[in-house]
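Please go through the model below with its charge pairs, helix packing and surface in mind. The report that follows takes these topics in turn.

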Amino acid sequence: GAPRHSYFAWQVRDNGNGTVTKLDNNPAPDGDIYFAAALLCASGRWGNGSWPLNYRQEANYILQGMLRVEQWNGGGQPDGVTNMFNSYNQVVFVPQNGANFFTDPSYHLPAFFEYFARYADQDNSRWWTITSASRDYLLPRTSGYSATPNPNGSTGLSPDYAYFDGTAADPWGQGKDRFTFDAWRVSANIAVDYMWWGNNWAFHKNINTRTLNFFHSQGITNGNPNYGREYTLSGSLVSPGRDGGLTAMNAAAALTSTNSNAWVFVDNLWYWGVPTGQYRYYDGCLYMLGLLQ
């Protein structure tokens, strides 16, 4: 309901009795984007029944909300709620005043945006514009690539957060101007875009080949990755330790790599165990997506 309308709360607690408690009212935009894409896929595969199985209707409602929440709220921003995509046609970090002045590069999902442009029931021209803006943001340079001096020219590493001009952002002093957990997904997102829509797009291949060359240079022993979890954009190690989530995303990135070392990243995922432990939710999701890709 108003003022967030179609938006999903990004985090809830299961109360164990068939109900949930919202831990944060705001959405994580990549989640809503995935939901809409999944519903459109379901519509194409199984057709549409009556609610709640009218997948296409539900997908279009979510897509409309991403672009129209402020309109639905009478042109204002009650409770600080904003549209999910701004006037630059870029996805914001959170559609909420105070968290909408930068973006998360891993929320740039041009494969899905082109899907919306082709198959949504409305706003197709806007979705094409968003698709182009997202590719311009990610691919010729990746986030941070336009900065002077260029911090990631040799690594291709993206930061977790970045401003709309591509320079790294760390608005709350959390080290999010580095390559950390969200940024693991950027190379995989580029690979999916290439696999769905690419026509020998050299810039997709160039960016992921550069990134995998960097990780290969960090060391792979007996087929196992030795590279760490977190790096500065220029490639200095911040946090050591192997991680299945990053292993999975690098395997997906190998779909676009032109180097023979790509196969070692695929093998790394294939022989990695199913994630366990406290943080298996995130690693497990990336593991599943990597295997699917």
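## A lysine–aspartate pair in a loop

The side chains of K176 and D160 form a salt bridge, with N and O 3.3 Å apart. K176 lies in the loop between α4 and α5, and D160 lies in the loop between α4 and α5 as well, so the bridge ties together parts that are 16 residues apart in sequence. The coordinates come from a predicted model.

How buried are the two partners? K176 has a relative accessible area of 18%. That is under the 20% limit, so K176 counts as buried. D160 has 0% relative accessibility and is buried too.

## D170, in contact with K176

D170 sits in the loop between α4 (124-138) and α5 (186-197). Its relative accessible area is 26%, so D170 counts as partly exposed. Which residues does D170 touch, leaving aside neighbours within four places in sequence? They are G175, K176 and D177. K176 is therefore a contact of D170 and the salt-bridge partner of D160, within the contact cut-off of 4.5 Å and the salt-bridge cut-off of 4 Å.

N48 is a distant reference point for D170. The two are 122 residues apart in sequence. Their C-alpha atoms are 43 Å apart in space.

## Other salt bridges

How many salt bridges does the structure hold? The count is 10. One of them joins the side chains of D193 and R135, at 2.8 Å from N to O. D193 belongs to helix α5 and R135 to helix α4, so this pair ties together parts that are 58 residues apart in sequence. Both D193 and R135 are buried.

The D193 and R135 pair is part of a network. E114, R118, R135 and D193 are linked in it by salt bridges. Another bridge joins D182 to R185, whose closest N and O atoms are 3.7 Å apart. D182 and R185 are both buried.

## Helix α3

Helix α3 spans residues 110-119 and is mostly covered. Eight of its 10 residues are buried. They are P110, A111, F112, F113, E114, Y115, F116 and A117. E114, from this buried set, also takes part in the salt-bridge network with R118, R135 and D193.

What do the buried residues of α3 pack against? Their partners are α1, α2 (55-72), α4 and α5. Two of these, α4 and α5, carry R135 and D193 respectively.

## Helix α7

Helix α7 covers residues 244-253, and 10 of its 10 residues are buried. The buried set is G244, G245, L246, T247, A248, M249, N250, A251, A252 and A253.

Which elements surround these residues? The buried residues of α7 pack against α5, α6 (202-217), β4 (224-225), α8 (262-270) and α9 (280-292). Helix α5 thus appears among the packing partners of α7 and among those of α3.

## The β1–β2 hairpin

Strands β1 (residues 11-14) and β2 (residues 20-24) pair in the antiparallel sense. Four bridges join them. Q11 stands opposite D24 in β2.

Five residues lie between the strands of this hairpin. Which residue takes a positive phi there? G16 does, with a value near 80°.

## A nonpolar patch

F8, Y34 and F35 make a nonpolar surface patch of about 260 Å². F35 lies in helix α1 (residues 29-46). With 38% relative accessibility, F35 counts as partly exposed. That value is over the 30% required of a patch residue, so F35 meets the accessibility condition.

## Cysteines

How many disulfides are there? The count is zero. C41 is in no disulfide, and the nearest cysteine sulfur, that of C285, is 17 Å away. C285 is likewise in no disulfide, with the sulfur of C41 as its nearest. A disulfide requires sulfur atoms within 2.5 Å, so a 17 Å separation rules this pair out.

Are these cysteines buried or exposed? C41 is partly exposed, at 36% relative accessibility. C285 is partly exposed, at 34%.

Notes:
Residues numbered from 1 in each chain as written. Predicted model: local features only at pLDDT ≥ 70, side-chain atom pairs only at ≥ 80, totals over all residues. Heavy atoms only, no water. Patch = residues over 30% accessible without salt bridge, like charges linked within 9 Å, V, L, I, M, F, W, Y side chains within 5 Å. Areas by Shrake-Rupley, 256 points an atom, 1.4 Å probe, with all protein chains shown as cover. Helix = DSSP H or I, 4+ residues; strand = E, 2+ residues; numbered from the N terminus. Buried < 20%, exposed > 50% of the residue type's maximum accessible area, 1.4 Å probe, protein only. Pairing = 2+ DSSP bridges.
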